[in-house]
Amino acid sequence: MNRSKVAIVASNTIGFFQWIFGIFFLVMAGFSLFFYITGQMKLDSTSYTTIVFFAMGLALFLAGRKRRKSVKDFKVYVQHLSNNPAGYISDLAEINGESVDLVTKKLDYMIQKKYFVNAHINRGENRIIINSNKSISDIMNATTNITQNAQGDIQEVNNDLEYITVKCPNCGGNNKVELGKVIECDYCGSSIKGF
């Protein structure tokens, strides 16, 4: 399993458990408050327990919600970035109806949590840069092959390679894959087959 998928699954799982335990502690705080209001519990150390349960429950619930939302946002961002590889943050902000600062903050969080593989934010150009494992020469040689004949003349030979667009099963990003080859997703690093 690749790093991005592990990070996304782990984050989603942790978020789920935070959310569940948050609800549990909020329900416990609710019961304590109910017993206090009905007079079945007196104002003593248990009232402090109620406050602690409420604070823990609220903190866990909100943290879990944030994690799970970040995974959903990641999938939306990848879908847009695969169709619009320039990666301008203002475009991502416009799609979700959010501010550029908020989207930048979310992207920083996603990069920190390793949702994106080999990515960084270019603050000068205000865009996210996703570095694929392909070099410029690999990209150029994928469609043409440059050869040198016996006289030293450079010749360009077109291989007529067939490419297909494959949607990544992990993140949903569109990738251009040579037919019959296996590559890593440019966005999350998952293996993608061009079959």
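**Close-up views of the predicted model**

**View 1. Ser4, a buried residue of helix α1.** Ser4 counts as buried because its relative accessibility is 0%. The structure shown here, like every view below, is a predicted model. Ser4 lies in helix α1, which covers residues 3-37. Which residues does Ser4 touch, leaving aside its neighbours within four places in sequence? Its contacts are Phe74, Lys114, Tyr115, Val117, Asn170 and Cys188. Two of these partners, Lys114 and Cys188, return in later views.

**View 2. The whole chain, for orientation.** The protein has 5 helices and 8 strands. From the start of the sequence to its end, they follow the pattern α-α-α-α-β-β-α-β-β-β-β-β-β. The protein has 195 residues, and 32% of them are buried. Of the contacts with a separation of 6 or more, 48% are between residues 24 or more positions apart. The protein exposes about 12,200 Å², and 59% of this area comes from carbon and sulfur atoms.

**View 3. Two loop residues with positive phi.** Lys114 is placed in the loop between α4 (100-112) and β1 (119-122). Its phi is near 70°, a positive value in a residue other than glycine. Lys114 has 53% relative accessibility, so it counts as exposed. Asn126 sits in the loop between β1 and β2 (127-130). Phi of Asn126 is near 55°, again positive although the residue is not glycine. Is Asn126 buried, partly exposed or exposed? Asn126 counts as partly exposed because its relative accessibility is 27%.

**View 4. Cys168 and Cys188, two cysteines without a disulfide.** A disulfide is a covalent bond between the sulfur atoms of two cysteines. The structure holds 0 disulfides. Cys168 is in no disulfide, and the nearest cysteine sulfur, that of Cys188, is 3.6 Å away. Why is the sulfur of Cys188 not bonded to that of Cys168? The two sulfurs are 3.6 Å apart, which is too far for a bond, because a disulfide needs the sulfur atoms to be within 2.5 Å. Cys168 counts as buried because its relative accessibility is 3%. Cys188 is buried as well, at 0% relative accessibility. Cys188 is also one of the residues in contact with Ser4.

**View 5. A nonpolar patch on the surface.** Which residues make the nonpolar surface patch of about 1,000 Å²? They are Phe16, Phe17, Trp19, Ile20, Phe21, Ile23, Phe24, Val27, Phe31, Phe34 and Phe35. Phe35 is placed in helix α1, the helix in which Ser4 is also found. Phe35 has a relative accessible area of 33%, so it is partly exposed. In soluble globular proteins, nonpolar side chains tend to be buried together. The next view turns to buried side chains.

**View 6. The largest nonpolar core and Phe116.** The largest nonpolar core has 29 residues. Those with the most contacts inside this core are Phe74, Leu107, Tyr115, Phe116 and Cys171. Which elements give two or more residues to the core? They are α1, α2 (45-83), α3 (89-96), α4 and β1. Leaving aside its neighbours within four places in sequence, Phe116 is in contact with Phe74, Val78, Leu81, Leu107, Met110, Ile111, Ile128, Ile130 and Tyr187. Phe74 and Tyr115 from this core also appear among the contacts of Ser4.

**View 7. Salt bridges around Lys106.** How many salt bridges does the protein have? The count comes to 5. One of them joins Lys106 and Asp73, with the closest N and O atoms 2.9 Å apart. This pair links distant parts of the chain: Lys106 is in helix α4 and Asp73 is in helix α2, 33 residues apart. Both Lys106 and Asp73 are buried. Lys106 also forms a salt bridge with Glu98, where the closest N and O atoms are 2.6 Å apart. Glu98 is buried, as is Lys106. Through salt bridges that share partners, Lys69, Asp73, Glu98 and Lys106 form one network.

**View 8. The salt bridge between Glu125 and Arg127.** Glu125 forms a salt bridge with Arg127, and the closest N and O atoms are 2.5 Å apart. Glu125 has a relative accessible area of 40%, so it is partly exposed.

Conventions:
Residues numbered from 1 in each chain as written. Predicted model: local features only at pLDDT ≥ 70, side-chain atom pairs only at ≥ 80, totals over all residues. Heavy atoms only, no water. Helix = DSSP H or I, 4+ residues; strand = E, 2+ residues; numbered from the N terminus. Buried < 20%, exposed > 50% of the residue type's maximum accessible area, 1.4 Å probe, protein only. Contact = heavy atoms within 4.5 Å. Patch = residues over 30% accessible without salt bridge, like charges linked within 9 Å, V, L, I, M, F, W, Y side chains within 5 Å. Areas by Shrake-Rupley, 256 points an atom, 1.4 Å probe, with all protein chains shown as cover. Salt bridge = Lys/Arg side-chain N within 4 Å of Asp/Glu carboxyl O. Core = buried A, V, L, I, M, F, W, Y, C linked by side-chain atoms within 4.5 Å.
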